[in-house]
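User: Please take a close look at one helix in this structure and at the charged side chains that it contributes. I would like a single connected account of their pairings and of how buried they are.

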Amino acid sequence: MLAPRVWSSLRRGLSRALSKNIGGWASGEGRKVDIAGIYPPVTTPFTATKEVDYRKLEENLHKLGTFPFRGFVVQGSNGEFPFLTSSERLEVVSRVRQAMPKDKLLLAGSGCESTQATVEMTVSMAQVGADAAMVVTPCYYRGRMGSAALIHHYTKVADLSPIPVVLYSVPANTGLDLPVEAVVTLSQHPNIVGIKDSGGDVTRIGLIVHKIRRQDFQVLAGSAGFLLASYALGAVGGVCALANVLGAQVCQLERLCLTGQWEDAQKLQHRLIEPNTAAPASQVTRRFGVPGLKKTMDWFGYYGGPCRAPLQELSPAEEEALRMDFTSNGWL
């Protein structure tokens, strides 16, 4: 049973969501919200004393807002959400909502280890401005997180969420894939609108697209490294860490794929693969992770800054290798 204060929050959240044009269970004539497009997963800037630097966060968002992104993902893997308190997570989402262009979608990571905590966080994310919740698989007891447990978890969250839910499978960080059969079952839920799949297995992405083809359900690639392949197989966009530094180029790759200019798309995709494997936190290789992404942001005129412990800054050798990945492909 959820506590009375949670049910009160649920009612307030439901009222808010139903009054929004893009929130709630459906958009338009009975269709789910359209999440197609490119999303940079926003990093969380910290000061030298490792407090959240909201001024730098807003500065980064103003710069990113000049690109034709569909929206922003906040409090995903690249946002270091496991290292933030609950109040910090909510404050970051609130500040992003205030700073970002009003026509963009805000997907907020609301995943927690328990179903009840995830419901509470999702409701709270809705109250501070999230348009949809991106819910990572609970993983601490991964040995018991089979299809039945995950279907039950996501169904409860979606039933009680005042905003649409996006599934989030990131096996490099959680140690488990959200099973395809679970995705297919969950795709039928009226308040589950899609999945961000960061595993890098394009065969799996193609299989998901094939099996949910009769559902109003969308697939987002979790990396720029396999964005072209994902589009070719039926994905509708991507949450791409590389878009934090090469936003124009990732959006160009999207445009080339959508207009069928596959030869040009292939050439651009090739140039993005090495920088991509160096930067994102959720990519299979995880070569430099969030510290690498933040260092790259510093090079490209954004504020990257330090990570929160226990993440460490790059060594000089790692920084040089990271720089080479960008210079050898003509980006620096």
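Analyst: In this predicted model, R97 counts as buried at 15% relative accessibility, where buried means under 20% relative accessible area, exposed over 50% and partly exposed in between (1.4 Å probe, protein chains only). Its partner D131 is also buried, with a relative accessible area of 3%, and the two side chains meet in a salt bridge at 2.8 Å, N to O (a side-chain nitrogen of Lys or Arg within 4 Å of a carboxyl oxygen of Asp or Glu). Because R97 belongs to helix α3 while D131 sits in the loop between α4 (115-127) and β4 (132-136), this pair ties together parts that are 34 residues apart in sequence; helices are DSSP runs (H or I, at least four residues), strands likewise (E, at least two), numbered from the N terminus.

Helix α3 also holds R95, which is partly exposed with a relative accessible area of 25% and takes part in a salt bridge with E91 at 2.7 Å, N to O. Those two residues both lie in α3, 4 residues apart, or about one turn of the helix, and E91 is partly exposed at 29%.

R95 forms a salt bridge with E58 as well, the closest N and O atoms being 3.7 Å apart. That pair links distant parts of the chain, 37 residues apart, with R95 in α3 (residues 86-99) and E58 in helix α2 (residues 54-64); E58 is partly exposed at 26%.

Local features here need pLDDT of at least 70 and side-chain atom pairs 80 or more, whereas totals for chains, interfaces and linings use all residues. Residues are numbered from 1 along each chain as its sequence is written, and side-chain values use heavy atoms, without hydrogens or water.
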